[in-house]
Amino acid sequence: MLRIAQVLNHNAALVNIDDHREAIVRGKGVAFNKRKGDPVSADRVEKIFYLNTATARENLFLLLKDIPIDVVTTTYEIIDMARSRFHVRILDYIYITLSDHILGAYTRMQAGTYKETMVPDLRQHYPHEYAVADVALDIIQRNLKVNFPESEVRSLALHFINASGDVNAATADDDTSDAGRDTTEAVNNIVLDVLNHHNIYRSAKNGNYYDRFMIHLQYLVDRIRHLETDQTQLAPEVEEDYQRMYPQSYAIGVEIFNRIRAELFAGISNNERLYFIIHIQRLLGEKPQKFCKE
């Protein structure tokens, strides 16, 4: 029996299941006129996404703070598809990065400001991730009633490439272990030292972005400890654009990257540098500088 734990909108709800699990259900009118504790009619449930881990549950409530529910459920559907149909091994932080990307791309498309990605085509090197992205694009377009160019697949694939990892290894080492605790503390100390030096603190205005950055750092620790060091640098053109458009964010993001590389992990992927820059730009709310490409 499914019972309402929280109504998300008329067509989606968080539910409790008899076996003490939680899930998101989606379907036309599935939560209409429902309250906490009410049963859910099974014939109205079109999709169900199980929240099998504490991280999945935490990510849900973090996302719901500023991501529309339709984008959240689309993200969960894509990740569920990737794991069940393609058996990909991805770290849970993809819930954050993928939902951010989908919302941003959708918003730009609706505003008429969408531009095709500059991410290079890496299908030959990552055929599995691109196959996932092909299906993901279909899901997005069907759920959100939007038509993206085929090149959007390259951006979606990038999220699965960067979130791939040894999930068992990442979860087998308890966060309370000495190695895990020491690495986490070292990364956090570097980041907080740089942020404080530049007078960047958590506030009511940037709280959601600050929390997401901290989540990213937790998964960075796993990548530092478990993943290959020889990773291909992706989309250098994007980083060059950020350098021109957001010079302050670029400088701070590079400072964090260089300190982690020098003090903790010489093999940190160059892709992390771009993620730091993006996170800092969101924290600062830095407006883009105008520039002309040659």
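Arg 259 is partly exposed, its relative accessible area being 24%, where buried stands for under 20% relative accessible area, exposed for over 50% and partly exposed for what falls in between (1.4 Å probe, protein chains only). The model is a predicted one, in which local features need pLDDT of at least 70 and side-chain atom pairs count only at pLDDT 80 or more, while totals for chains, interfaces and linings use all residues. Residues are numbered from 1 along each chain as its sequence is written, and side-chain values use heavy atoms, with hydrogens and water left out.

**The chain as a whole**

The protein chain has eleven helices and four strands, these being DSSP runs numbered from the N terminus, with H or I and at least four residues for a helix and E and at least two for a strand. Of the 294 residues in the protein chain, 49% are buried. Contacts, defined by heavy atoms within 4.5 Å, are mostly between remote positions: among those with a separation of 6 or more, 69% join residues 24 or more positions apart. The accessible surface of the protein chain comes to about 15,200 Å², and carbon and sulfur atoms account for 48% of that area, as given by the Shrake-Rupley method with a 1.4 Å probe, where for residues only the protein chains shown count as cover.

**Salt bridges**

A salt bridge requires a side-chain nitrogen of Lys or Arg within 4 Å of a carboxyl oxygen of Asp or Glu, and by this rule there are nine salt bridges. Three of these pairs are set out below.

| Pair | Closest N to O distance |
|---|---|
| Arg 26 and Glu 77 | 2.6 Å |
| Arg 273 and Glu 239 | 2.8 Å |
| Glu 263 and Arg 259 | 2.9 Å |

Arg 26 forms its salt bridge with Glu 77; because Arg 26 belongs to strand 3 (residues 22-26) and Glu 77 to helix 2 (residues 69-85), the pair ties together parts that are 51 residues apart in sequence. Arg 26 is buried at a relative accessible area of 14%, and Glu 77 is buried as well, with a value of 5%. Both residues also take part in a network of salt bridges that links Arg 26, Lys 47, Glu 77 and Arg 142.

The salt bridge between Arg 273 and Glu 239 likewise links distant parts of the chain, with Arg 273 in helix 11 (residues 270-284) and Glu 239 in helix 9 (residues 236-245), 34 residues apart. Arg 273 is buried with a relative accessible area of 15%, and Glu 239 counts as buried at 8% relative accessibility.

The pair Glu 263 and Arg 259 lies within one element, helix 10 (residues 247-263), where the two are four residues apart and are therefore separated by about one helical turn. An α-helix has 3.6 residues a turn, so residues three or four places apart point the same way. Glu 263 is partly exposed, at 47% relative accessibility.

**Helix 10 and Gly 253**

For the 17 residues of helix 10 the span should be 24 Å at 1.5 Å a residue, and the end C-alpha atoms are 24 Å apart, which agrees; the expected span is 1.5 Å times one less than the number of residues. The buried residues of helix 10 are Ser 249, Tyr 250, Ile 252, Gly 253, Val 254, Ile 256, Phe 257 and Ile 260.

Gly 253, which lies in helix 10, is buried with a relative accessible area of 0%. Apart from neighbours within four places in sequence, Gly 253 is in contact with Phe 276, Ile 277 and Ile 280. The C-alpha atoms of Gly 253 and Val 191 are separated by 9.5 Å, although the two residues stand 62 residues apart along the chain.
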